[in-house]
Amino acid sequence: MAKQNQTLGEFIIENQSEFKYSSGELSRLINSIRLAAKVVNHEVNKAGLVDILGAAGDTNIQGEDQQKLDVYANEAFIKTLTNREIVCGIASEEEDDFITIQGRNKKNDNKYVVLIDPLDGSSNIDVNVSVGTIFSIYRRITPEGIPVTLDDFLQPGNRQVAAGYIVYGTSTMIVYTTGHGVNGFTLNPAIGTYYLSHPNMRYPEKGSIYSVNEGNYVHFPQGVKDYIKYCQKEEEDRPYTSRYIGSLVSDFHRNMIKGGIYIYPNTSKDPEGKLRLLYECNPMAYIAEQAGGKASNGFQRILDIQPTKLHQRVPFFCGSKLMVEKAEEFMKKQ
């Protein structure tokens, strides 16, 4: 039962019984993410004052220039997760390959792998727009005692045991699920504690916001073009409002609270889509479904897609259930 002024730590302890595996392990895992988020939040908030903006002179596996803060966030989360005796492997959007983690006794007997987008929307840092972190947690499928393999990370999203995001905005929030609803916690920076501020978050079944980069309209599939025209048409409860920030975490967070759909389709320039299945789409789809929303690639449930590679990209339609279903109708007609 959610309580006013309940801290994140208190909430985790009180709801341990809902986690079907060892509750202590999950608590330590969420706590390590909470700690790393505080460290990154501190750097994000002072990014305009110090030389942590701009490119790091390196390029990540996606071929994108890495911002300095991207690199910092990546290192902060990897270091914090490695230091806790709970994770046996980490895959990061910023790393070419997954990272194998051994315990202090050199054994590989930890049970969980974490997949993470350390700083989503980092191209917005230098213009002071919200950015975020996205994380996804799976139970390993290889036997304990041996190093993790690629198979531990290439699990479909429906096997996630927890997922969440941190939004570094006007206030810093952690929003996460362990498969029993979605709850949001806001950081009180004065004392460094997260408090339950958004209990049992739910998508409105239908919203009035559509979020898509319309600058790419000419490159969109016909089904997406037709859906956008539908959103803009003046009839019934339309036209809808167009809102696009360009940070997935921020766009998703707003649409979950207010009701809307987020679309990042494949294009003629990016025929596979742009967003990463493992680091962005699976965790966000898991959260969306737990909040009564829906997530699809336009034709298929995101969480049922079998990944084939670590940095796989997919088209992404996510948000209020009826809006996603309407977009799928247009995709099937194209």
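**Helix packing and sheet architecture**

Helices α5 and α8 are oblique to each other. This assignment, like those that follow, rests on a predicted model. Helix α5 spans residues 222-232, and helix α8 spans residues 321-333. The two pack at an angle of about 130°, and their axes lie 8 Å apart. An angle over 145 degrees would count as roughly antiparallel, and one of 65 to 115 as roughly perpendicular; α5 and α8 are therefore classed as oblique. The crossing of α5 past α8 is right-handed. On the α5 side, the contact involves Gly223, Val224, Asp226, Tyr227 and Tyr230. These residues meet Met323, Lys326, Ala327, Phe330 and Met331 of α8. By class, the contact of α5 with α8 holds seven nonpolar residues, one polar residue and two charged residues.

A second helix pair involves α6 (residues 248-258) and α7. Here the packing angle is about 15°, with 12 Å between the axes. Angles under 35 degrees count as roughly parallel, so α6 and α7 are roughly parallel to each other. Their crossing is right-handed. Helix α6 contributes Leu248, Val249, Phe252 and Met256 to the contact. Helix α7 contributes Glu280, Met284, Ile287 and Ala288. Seven residues of this contact are nonpolar, none is polar and one is charged.

Eight strands build an open sheet with mixed pairing. Their order is β4-β3-β5-β6-β7-β8-β9-β10. Strands β4 (99-100) and β10 form the edges, each pairing on one side only. Within the sheet, strand β6 (residues 131-139) pairs with strand β7 (residues 160-168). This pairing is antiparallel and spans eight bridges. Valine 131 stands opposite tyrosine 168 in β7. Two helices pack on the sheet. Helix α3 (residues 68-83) touches β3 (87-92), β4, β5 (112-120), β6 and β7. The direction of α3 makes about 160° with that of β5. Helix α7 (residues 277-290) touches β3, β5, β6, β7 and β8. The direction of α7 makes about 100° with that of β7. Helix α7 thus contacts both this sheet and helix α6.

Strands β8, β9 and β10 are linked by two hairpins. Strand β8 (residues 172-177) runs antiparallel to β9, and four bridges join the two. Valine 175 faces glycine 184 of β9 across this pairing. Five residues separate β8 from β9 in the hairpin. Glycine 179, in the turn, has a positive phi of about 95°. Strand β9 also pairs with strand β10 (residues 193-198), again in the antiparallel sense, over five bridges. Phenylalanine 185 stands opposite leucine 196 in β10. The β9-β10 hairpin has four residues between its strands. Its turn holds glycine 192, with a positive phi of about 70°. Strand β9 (residues 183-188) is mostly covered, with five of its six residues buried.

Five further strands form another open sheet, ordered β12-β11-β13-β17-β15. Its pairing is mixed. Strands β12 (241-242) and β15 (294-296) lie at the edges, and each pairs on one side only. Strand β11 (residues 209-211) and strand β13 (residues 260-264) run parallel. Three bridges join them. In this pairing, tyrosine 210 stands opposite isoleucine 261 in β13.

Technical notes:
Residues numbered from 1 in each chain as written. Predicted model: local features only at pLDDT ≥ 70, side-chain atom pairs only at ≥ 80, totals over all residues. Heavy atoms only, no water. Axes fitted to C-alpha atoms, helices over the stretch in contact; angles between N-to-C directions. Left-handed = near helix turned anticlockwise from the far one by under 90°. Contact = heavy atoms within 4.5 Å. Nonpolar A, V, L, I, M, F, W, Y, C, P; charged D, E, K, R; others polar. Pairing = 2+ DSSP bridges. Buried < 20%, exposed > 50% of the residue type's maximum accessible area, 1.4 Å probe, protein only.
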